[in-house]
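Work through the exercises below with the structure open beside you. Try each task before reading its solution.

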Amino acid sequence: MKFVRFMYDNKVCEGILFNDKIKKIDSATGKLNISLEYSVDQVDFLPTSNPSKIVCIGENYKEHIEEMGSEVADEPVIFMKPSSSVIAHGDSIVIPEESERVDYEAELGVVIGSVCKNVSKEDAKNYIMGYTCLNDVTARDIQQRESQWIRAKGYDTFCPVGPCLETDIDPLSLDIKLYVNGELKQSSNTKNMMRDVYTLVSYISKIMTLYPGDIIATGTPKGVGRLMDGDMVTVEIEGIGKLTNYVIRE
């Protein structure tokens with residue numbers, strides 16, 4: 001099922017996405033109200049969850065490691081984005097004044113469903129609520145001149161997620177693509193990850209407690225590139241949908 005959060009009539013709502021229609025979930029009963037249906041054009045999408053943190057994995061596709069001129073690490077490369085960086089489908093990515101090179105990075109996002117600590121790889125799927133599209137926006141010029149990635153990865157608007165949270169999908173073999181102004185820039189499959197979703201959830205849970213709504217960004221394939229003022233960028237993941245955002249300069 002494709003769960004969505006959205007604003008309608010100045011109220012935060014939840015629903016299920018069916019193609020270009022949203023059926024509202026009754027806030028009192030938690031059940032689907034089939035009589036309340038909205039077109040996607042009638043609502044403003046909200047982020048798929050309210051994470052306490054976004055834990056990101058770097059260099060998880062071999063071909064991306066090669067294009068960045070890096071070496072394969074013995075352990076997962078971990079960094080974080082603040083929750084303040086999260087925006088929704090349809091929101092604008094803002095290029096900060098101090099950066100001259102902001103890049104897109106298409107990724108599969110994993111949304112945690114229950115408190116997760118010290119779990120095994122075999123048990124990891126029981127702690128996952130679902131999956132979403134994610135764009136790990138990066139100020140590449142800042143990243144290249146600083147040893148820590150917090151500033152380059154952490155600006156407001158640098159973590160678009162959405163449009164929905166898909167609960168019924170196998171994350172181990174999904175086509176993942178990214179388009180800028182309709183032109184294909186990235187194309188791969190999650191089967192090409194060096195460390196799969198369940199391995200990552202287990203690994204991270206042994207470092208820090210993951211809470212419901214927390215997001216794991218699982219790494220980007222090759223083909224990362226620059227975003228410019230006025231661009232439209234779309235992350236498309238098989239079985240989930242299309243996350244589209246617009247780019248403006250501060």
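Two strands count as paired if DSSP finds at least two bridges between them. The model is predicted.

**Exercise 1. A hairpin near the start of the chain**

Task: Find which residue of β4 stands opposite Ile22, and describe how the strands pair.

Solution:
- Start with the strands. β3 covers residues 21–25 and joins β4 through 4 bridges. The two run antiparallel.
- Now take the residue pair. Ile22 has Tyr38 opposite it in β4.
- Look at the connection. The hairpin of β3 and β4 has 6 residues between the strands. Gly30 takes a positive phi there, near 75°.
- Finish at Ser39. β4 spans residues 32–39 and includes Ser39. The cut-off for buried is under 20% relative accessible area. Ser39 has 16%, so Ser39 is buried.
- List its contacts. With neighbours within four places in sequence left aside, Ser39 is in contact with Asp20 and Lys21.

**Exercise 2. The order of a sheet**

Task: Give the strand order of the open sheet of 5 strands, and name its edge strands.

Solution:
- Write the order. It is β9-β20-β19-β15-β16, and the pairing is mixed.
- Mark the edges. β9 (92–95) and β16 (183–189) each pair on one side only.
- Add the twist. From one strand to the next, it averages 20°.
- Recall the general rule. Strands of a sheet pair through backbone hydrogen bonds, either parallel or antiparallel.
- Check the β9 edge. β9 and β20 (residues 241–249) run parallel and are joined by 4 bridges. Ile95 stands opposite Arg249 of β20.
- Check the β16 edge. β15 (residues 175–180) pairs with β16 over 6 bridges, in the antiparallel sense. Tyr179 has Leu184 of β16 as its bridge partner.

**Exercise 3. Backbone exceptions**

Task: Where do Asn19 and Asn181 lie, given that each has a positive phi? Which peptide bond is cis, with omega near 0°?

Solution:
- Begin with the expectation. Most residues other than glycine have a negative phi, and most peptide bonds are trans.
- Place Asn19. It is in the loop between β2 (11–18) and β3. Its phi is near 55°.
- Judge its accessibility. Asn19 has 76% relative accessibility, so Asn19 counts as exposed.
- Place Asn181. It is in the loop between β15 and β16. These strands form a hairpin with 2 residues between them, and the phi of Asn181 in the turn is about 55°.
- Judge it likewise. Asn181 has a relative accessible area of 47%, so Asn181 is partly exposed.
- Turn to the peptide bond. The bond from Gly162 to Pro163 is cis. Pro163 belongs to strand β14, residues 159–166.

**Exercise 4. The start of the chain**

Task: Decide whether Met1 is buried, exposed or partly exposed, and list what it touches.

Solution:
- Locate Met1. It sits in the segment before β1 (2–8).
- Apply the cut-offs. Partly exposed lies between buried, under 20%, and exposed, over 50%. Met1 has 44% relative accessibility, so Met1 counts as partly exposed.
- Collect the contacts. Residues up to four places away in sequence are not counted. Met1 touches Ile16, Leu165, Glu166, Thr167 and Asp168.
- Compare sequence with space. Met1 and Ile240 are 239 residues apart along the chain. Their C-alpha atoms are separated by 9.4 Å.

**Exercise 5. A residue in a helix**

Task: Is Ala152 buried or exposed, and which residues is it in contact with?

Solution:
- Place Ala152. It lies in helix α3, residues 150–154.
- Read its accessibility. The value is 0%, so Ala152 counts as buried.
- Set aside neighbours within four places in sequence. Ala152 is then in contact with Val137, Thr138, Ala139, Ile142, Gln143 and Phe158.
- Take one distance. Cys133 is 19 residues from Ala152 in sequence and 20 Å away, C-alpha to C-alpha.

**Exercise 6. The cavity**

Task: How many cavities of 30 Å³ or more are there, and what lines the largest cavity?

Solution:
- Count. There is 1 cavity of 30 Å³ or more.
- Give the volume. About 30 Å³ of space lies in the largest cavity.
- Name the lining. It consists of Gly58, Glu59, Ile65, Val72, Ala73, Glu75, Pro76, Val77, Met194 and Arg195.
- Sort by class. The lining has 6 nonpolar, 1 polar and 3 charged residues.

How values were computed: Residues are numbered from 1 along each chain as its sequence is written. This is a predicted model: local features need pLDDT of at least 70, side-chain atom pairs count only at pLDDT 80 or more; totals for chains, interfaces and linings use all residues. Side-chain values use heavy atoms; hydrogens and water are left out. Axes are lines fitted to C-alpha atoms, for helices over the stretch in contact, and angles run from 0 to 180 degrees between N-to-C directions. Buried means under 20% relative accessible area, exposed over 50%, partly exposed in between (1.4 Å probe, protein chains only). Contact means heavy atoms within 4.5 Å. On a 1 Å grid over the protein atoms alone, a cavity is a set of points where a 1.4 Å probe fits but cannot get out, and a pocket is an open set with protein on both sides within 12 Å along at least five of seven lines; lining residues have an atom within 4 Å of a point. Grid points are joined across faces, edges and corners, and a volume is the space filled by probe spheres set on the points. Ala, Val, Leu, Ile, Met, Phe, Trp, Tyr, Cys and Pro count as nonpolar, Asp, Glu, Lys and Arg as charged, and the others, Gly among them, as polar.
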